[in-house]
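The following exercises are to be worked through with the sequence and the model in view. Each task is followed by a stepwise solution.

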Amino acid sequence: AVLQPWRGKGFGRMIIDTLAAAANKKKLDSVFLGAQIQVSGFYRRLGFHPSGDPFKEVGIDHIPMKKMIKGA
């Protein structure tokens, strides 16, 4: 979601934090995403955990990941 020149500047974290805040406001228990395996560590650092088997999307290996939402 973040173009290469803008990576490492906190924009990805802001997107995920905004998503989590919106999910919390809607009283959702969790959010899911399909992470490219090569960047799954980024999502792990933001509280996501693998939640299924790896899959390919547009020829790129992905893994489903889930994050529990506080206050849900």
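**Exercise 1. The pocket**

What is the volume of the largest pocket? Identify also the residues closest to its centre and the elements that contribute to its lining.

*Solution.* The model is a predicted one.
- Step 1. The largest pocket has a volume of about 550 Å³.
- Step 2. Its lining comprises 22 residues, of which V2, R7, V39, F42 and Y43 are the closest to the centre.
- Step 3. At least two lining residues come from each of helix 1, strand 1 and helix 2.
- Step 4. Helix 1 supplies the largest share of the lining, namely five residues.

**Exercise 2. The two sides of helix 1**

Determine the span of helix 1, and establish which of its residues are buried and where they lie around the axis.

*Solution.*
- Step 1. Helix 1 consists of 15 residues, and from first to last C-alpha it reaches 21 Å, close to the 21 Å expected at 1.5 Å a residue.
- Step 2. The buried residues of helix 1 are G12, I16, A20 and A23. Because they cover an arc of only 65 degrees around the axis, they lie on the same side of helix 1.
- Step 3. The general rule is that an α-helix has 3.6 residues a turn, so residues three or four places apart point the same way.
- Step 4. The buried residues of helix 1 pack against strand 1, helix 2 (40-45) and strand 4.
- Step 5. On the face turned away from the buried side, helix 1 carries the exposed residues T18 and K25.
- Step 6. After helix 1 comes K27, with a positive phi near 60 degrees.

**Exercise 3. The nonpolar core**

Which residues form the largest nonpolar core, and which elements give two or more residues to this core?

*Solution.*
- Step 1. The twelve residues of the largest nonpolar core are I16, A20, A23, V31, L33, A35, Y43, L46, F48, I63, M65 and I69.
- Step 2. Two or more of these residues are given by each of helix 1 (11-25), strand 1 (30-36) and strand 4 (60-68).
- Step 3. Neighbours within four places in sequence being left aside, L33 is in contact with I16, Y43, F48, I63, P64 and M65.
- Step 4. In soluble globular proteins, nonpolar side chains tend to be buried together.

**Exercise 4. A serine in strand 1**

Is S30 buried or exposed, and with which residues is S30 in contact?

*Solution.*
- Step 1. S30 is located in strand 1.
- Step 2. The relative accessibility of S30 is 15%. The cut-off for a buried residue is under 20%, and S30 therefore counts as buried.
- Step 3. Apart from its neighbours within four places in sequence, S30 is in contact with K66, K67, M68 and I69.

Terms used. Residues are numbered from 1 along each chain as its sequence is written. This is a predicted model: local features need pLDDT of at least 70, side-chain atom pairs count only at pLDDT 80 or more; totals for chains, interfaces and linings use all residues. Side-chain values use heavy atoms; hydrogens and water are left out. A nonpolar core is a set of buried Ala, Val, Leu, Ile, Met, Phe, Trp, Tyr and Cys residues joined through side-chain atoms within 4.5 Å. Buried means under 20% relative accessible area, exposed over 50%, partly exposed in between (1.4 Å probe, protein chains only). Helices (H or I, at least four residues) and strands (E, at least two) are DSSP runs, numbered from the N terminus. Contact means heavy atoms within 4.5 Å. The expected span of a helix is 1.5 Å times one less than its number of residues. The arc is that of the directions from the helix axis to the C-beta atoms. On a 1 Å grid over the protein atoms alone, a cavity is a set of points where a 1.4 Å probe fits but cannot get out, and a pocket is an open set with protein on both sides within 12 Å along at least five of seven lines; lining residues have an atom within 4 Å of a point. Grid points are joined across faces, edges and corners, and a volume is the space filled by probe spheres set on the points.
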